[in-house]
Amino acid sequence: MPDRVLYLIGCAAPPVRDFSTLIPLVQSQGWQVCVIVTPAAASWVDADALAELTGYPAQSEARHPDETTGLPKADAVLLCPATFNTLNKWAAGISDNVALGVLNEAIGLRLPIWVAPYAKDTLAAHPAFSESLAKLEQWGVTVLANELVRPANKGEHVVWERLVACMDQSPSGQL
Ligand SMILES: Cc1cc2nc3c(=O)[nH]c(=O)nc-3n(C[C@H](O)[C@H](O)[C@H](O)COP(=O)(O)O)c2cc1C
C-alpha cells in the first residue's frame, strides 16, 4: 500500500526546530511527510535539510498563481507545535498565510487533523485559547493535551514518541 501523506504544519515555537527528529518517527509509521511552516517559523527551520529528509519542498510562502504546490494531496494534517496565535486565527477562519490556508481547507475537506498546542501557562489561561480549542474540536479536529509535547521543565527535550503514539490511537488515526 502506498504511504499515506501527512502535512506537518509547524508554528513559531521551539519544537519546530526539532522537526528533523520528529519526521523520521512519523515516516516510520507509514506516512510520507510534507512540511509547511508559518512565515514566522520560516527562519527557525532549515528548509533545505527538511526537503532532503522528506523529498518535498518545505513551504512557508504563498505560491505564485503560475506555480503548483509541488506537494501530493494530504490524507491527514498534524499541526505541531500549534501556537496561541495560529490556533486563534484558525478558529476565527483567518487564512492569511499558507499554513492557515491549508488548515482551513483541511476542515472543509473533513481531513483527519491532529493538533498539539504549545502555549505557555499565561497564554493557555487566556479565554481565547480554550474557546478556540473547543471550537476546533467541534469541527472534528483532534486536540491533544498542551502538556503532550510541552516539557514540564525548561531545557527538557520533547518526547516525540508520545505524539506519534497518540496519532495511532486517536479516532483521527482511523484512515
Ligand atoms: C523564542 C520564542 C519562543 C516562543 N514560544 C512560543 C510558544 O511556545 N508558544 C506560543 O504560542 N508562542 C510562542 N512564541 C511567540 C510566537 O512565535 C509568536 O506569537 C508568533 O507571532 C507566532 O506566529 P505563528 O503562529 O504564525 O507561527 C515564541 C516566540 C519566541 C521568539
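This tour moves through the structure in a few selections, from the ligand to a helix and then to two outlying spots. Bear in mind throughout that the model is predicted.

**The ligand and its shell**

Begin by selecting the ligand together with the 14 residues around it, of which Ala12, Thr38, Thr83, Thr86 and Tyr118 come nearest. If you colour this shell by class, you should find 9 nonpolar, 4 polar and 1 charged residues. Next, display the distances to the oxygen atoms of the ligand: a polar side-chain atom of Thr83 lies 2.5 Å from an oxygen atom of the ligand, and a polar side-chain atom of Thr86 likewise lies 2.5 Å from a ligand oxygen. At Ala12 the backbone is what to show, since there a backbone N or O atom lies 2.7 Å from an oxygen atom of the ligand. Taken alone the ligand exposes 640 Å², and the protein buries 62% of that.

**Thr38**

Keep the ligand in view and select Thr38, which sits in the loop that runs between strand E2 (31-37) and helix H2 (47-54). Because its relative accessible area is 5%, Thr38 falls under the 20% limit and counts as buried. To see which residues it touches, leave aside its neighbours within four places in sequence and display Gly10, Cys11, Ala12, Ser60, Thr86 and Ala99, with all of which Thr38 is in contact.

**Helix H4**

Ala99 leads on to helix H4 (residues 98-108), which is mostly covered, 8 of its 11 residues being buried. The buried ones are Val98, Ala99, Leu100, Gly101, Leu103, Asn104, Ala106 and Ile107. Show the surrounding elements as cartoon, and you will find that the cover over these buried residues includes strands E1 (4-10), E2, E3 (76-82) and E4 (113-117), as well as helices H3 (84-91) and H6 (127-138). At the N-terminal end, select Asn97, which caps H4 with a side-chain oxygen 3.1 Å from the backbone nitrogen of Ala99. Beyond the helix, look at Arg110, which follows H4 and has a positive phi, near 60°.

**The salt bridge**

Now select Lys89 and Asp96, which form a salt bridge whose closest N and O atoms are 3.1 Å apart; the structure holds 1 salt bridge. Asp96 has a relative accessibility of 52% and therefore counts as exposed, the limit being over 50%.

**Strand E5**

Finish at Thr142 in strand E5 (residues 142-143), a residue that counts as buried at 16% relative accessibility. Add Pro112 to the selection: Thr142 and Pro112 are 30 residues apart in sequence, while their C-alpha atoms are 7.8 Å apart in space.

Conventions:
Residues are numbered from 1 along each chain as its sequence is written. This is a predicted model: local features need pLDDT of at least 70, side-chain atom pairs count only at pLDDT 80 or more; totals for chains, interfaces and linings use all residues. Side-chain values use heavy atoms; hydrogens and water are left out. Helices (H or I, at least four residues) and strands (E, at least two) are DSSP runs, numbered from the N terminus. Buried means under 20% relative accessible area, exposed over 50%, partly exposed in between (1.4 Å probe, protein chains only). Contact means heavy atoms within 4.5 Å. A residue is near a molecule or strand if one of its heavy atoms lies within 4 Å of it. A polar contact is a pair of N or O atoms within 3.5 Å; within protein, one must be able to donate a hydrogen and the other to accept it, and residues adjacent in sequence count only if both atoms are side-chain atoms. Accessible areas come from the Shrake-Rupley method with a 1.4 Å probe; for residues, only the protein chains shown count as cover. Ala, Val, Leu, Ile, Met, Phe, Trp, Tyr, Cys and Pro count as nonpolar, Asp, Glu, Lys and Arg as charged, and the others, Gly among them, as polar. A salt bridge is a side-chain nitrogen of Lys or Arg within 4 Å of a carboxyl oxygen of Asp or Glu.
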